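Visitor: I would like a close look at a single part of this model, with one sheet followed from edge to edge. Please keep to plain terms and tell me how far the model can be trusted.

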Amino acid sequence: MLRRRFALAVLLMLALALGVFGGAITSREATAPLVVHFIDVGQGDSILIRSPSGRTMLVDGGEPSVGHRLVGFLRDKGVTKLDYVVSTHPHADHIGGLIDVLREFPVGRVYDSGKAHTTQTYEDYLLLIERKDIPFELARAGKSIDLGDGVKVLVLWPKDPLPTSINDASVVIRLTYGKVSVLLTGDAESAVERALLASRKEIASQILKVAHHGSSSSCTGAFLGKVKPVVAVISVGAGNRYGHPSDSTLKALALAGAKVYRTDQNGTVTIRSDGERYVVEVETQASPRSPPAGGCGLAGTGETGTGQGKGTRYYASIKSNKFHYPSCRYAKQISASSLIVFNSREEAIAAGYVPCKVCRP
Ligand SMILES: [Zn+2]
Ligand SMILES: [Zn+2]
């Protein structure tokens with residue numbers, strides 16, 4: 001009898017404890033997180049940002065042919081208006097789908113690179129903004145856009161006078177929410193990466209939208225070394241005629257220790273964050289037949305990371321028994337064909353590897 005009463009008391013205490021704990025979780029869930037969707041628009045870019053307060057920003061809209069599908073995606077996500085639309089640069093794979101979006105949704109303001117282009121698509125896009133009388137503003141380095149609840153967007157690029165290259169006029173923005181940052185780079189190439197490094201602006205970000213669909217024209221080692229991405233998203237069309245993403249970019253990202261997600265393999269990639277931690281969700285698991293160069297496997301759903309830059313991986317070679325931080329000079333000498341990636345120290349040690357004496361992982 002006594003034992004039974006004791007068991008009941010324990011159960012009651014457990015229930016109370018769970019109740020309190022459950023309440024805490026519920027109240028935390030009640031605060032909607034920051035959500036960033038890297039939308040699968042084939043060959044092109046389109047990124048939807050929704051802040052906890054419900055403010056929305058769409059960065060680019062893919063090709064004109066995906067506009068209709070993009071409008072459907074936004075409606076599916078419950079979007080009824082867009083507070084901000086950012087058009088990174090006037091190439092059709094970035095502004096094309098925006099035409100349908102601007103036609104279908106009320107838009108608070110368009111931020112544009114101000115780089116002119118001579119195409120019909122660009123003209124249609126500008127005419128629509130004028131006809132709907134949407135406030136239009138040039139995105140310039142130093143401007144900031146407040147998405148509420150501590151979510152801030154800072155424009156890092158471009159500066160006047162605009163570069164002659166259309167890609168290099170791309171609007172580059174860094175989104176921050178608590179300890180979590182997302183860097184969106186449009187199609188900016190290595191000249192912009194050098195300018196950003198020289199500007200000494202804060203660019204470190206756990207999540208990087210890889211510039212120019214993973215082309216070899218971007219993702220220099222120096223830039224990745226400063227951004228230190230944990231998650232790298234490549235927005236790219238399957239079997240595209242440009243050969244994007246390039247092997248050299250995939251290898252550079254692997255060496256920088258970033259986990260690569262690709263819209264051609266993973267579909268739409270979604271990041272949710274409470275400002276402390278973030279979770280990566282993919283629409284489709286990548287095929288195990290097609291790992292990115294460098295041999296690091298793609299993640300499935302529910303990958304988590306924290307604002308502290310956890311998610312660090314460890315590199316080893318099939319030719320030695322040492323394991324390293326990806327930034328170690330010995331890690332950088334490992335050829336792609338010999339590279340082994342471990343997700344934790346424990347995993348490396350269990351596999352018989354010992355810590356490198358130089359980088360002391
Ligand atoms: Zn592009
Ligand atoms: Zn472009």
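Guide: Asp-149 sits in the loop that links strand 7 to strand 8. The model is a predicted one, and Asp-149 shows a positive phi of about 55° in it, although this residue is not a glycine. Is Asp-149 buried, exposed or partly exposed? Asp-149 has 17 C-beta neighbours inside 10 Å, and therefore counts as partly exposed.

Strand 7 belongs to an open sheet of seven strands, laid out in the order 7-8-9-10-11-12-13. The pairing in this sheet is mixed. At its edges are strand 7, residues 144-146, and strand 13, residues 259-262, each of which pairs on one side only. Direction ignored, neighbouring strands here are turned by 20° against each other on average. A general point helps with what follows: strands of a sheet pair through backbone hydrogen bonds, and they do this in either a parallel or an antiparallel way.

Next along the chain is the loop between strand 8 and strand 9. Pro-158 lies in this loop, and so does Pro-161. Two cis peptide bonds are found here. One runs from Trp-157 to Pro-158, with omega near 5°. The other runs from Asp-160 to Pro-161, with omega near -5°.

Strand 9 covers residues 172-177 and pairs with strand 10 in the antiparallel sense, over five bridges. One facing pair is Ile-173 and Leu-184, the latter in strand 10. The two strands form a hairpin with two residues between them, and in this hairpin Gly-178 has a positive phi near 60°.

How many residues of strand 10 are buried? Strand 10 consists of residues 180-184, and five of the five are buried, so this strand is largely enclosed by the rest of the structure. The burial applies to both faces: Val-180, Val-182 and Leu-184 are buried on one side, and Ser-181 and Leu-183 on the other.

On the way to strand 11, the chain leaves strand 10, passes through helix 6 (residues 190-199) and arrives in a right-handed β-α-β crossover. Strand 11, residues 207-209, then pairs with strand 10 over three bridges, in the parallel sense. Leu-184 appears again here, with Lys-209 of strand 11 as its bridge partner.

At the far end of the sheet, strand 12 (residues 231-234) is joined to strand 13 by four bridges, and the two are parallel. Ile-234 faces Arg-262 of strand 13.

Helix 8, residues 247-255, has several buried residues: Thr-249, Leu-250, Ala-252, Leu-253, Ala-254 and Leu-255. Strand 12 and strand 13 are among the elements that cover them, as are helix 7 (221-227) and helix 10 (329-332). Just after helix 8 comes Gly-257, which has a positive phi of about 85°.

Now to the packing around these strands. Nonpolar side chains tend to be buried together in soluble globular proteins. The largest nonpolar core of this model has 78 residues, and those that touch the most other members are Val-85, Val-86, Val-172, Ile-173, Ala-232 and Leu-253. Ile-173 was met above, opposite Leu-184. Leaving aside residues up to four places away in sequence, Ala-232 touches Leu-208, Val-210, Leu-253, Ala-258, Lys-259 and Val-260. There is also a second, separate core of nine residues, including Tyr-314, Ala-316, Ala-348 and Tyr-353.

For contrast with Asp-149, consider Asp-60, which lies in the loop between strand 3 and helix 2. Asp-60 too has a positive phi without being a glycine, with a value near 70°. Asp-60 has 30 other C-beta atoms within 10 Å, so it is buried, whereas Asp-149 is partly exposed.

As for trust, the mean pLDDT of the protein is 86, and 81% of its residues reach 70 or more. Residues 8-30 have a pLDDT below 50, and beyond near neighbours in sequence this stretch makes zero contacts in the model. Residues 288-302 also stay under 50, but here the model has 38 contacts beyond four places in sequence.

Definitions and conventions:
Residues numbered from 1 in each chain as written. Chains lettered and ligands numbered in written order. Predicted model: local features only at pLDDT ≥ 70, side-chain atom pairs only at ≥ 80, totals over all residues. Pairing = 2+ DSSP bridges. Axes fitted to C-alpha atoms, helices over the stretch in contact; angles between N-to-C directions. Buried ≥ 20, exposed ≤ 12 C-beta atoms within 10 Å, placed from the backbone. Right-handed = clockwise from strand over helix to strand, strands pointing away. Contact = placed C-beta atoms within 7 Å. Core = buried A, V, L, I, M, F, W, Y, C linked by C-beta atoms within 7 Å. pLDDT = per-residue confidence, 0-100.
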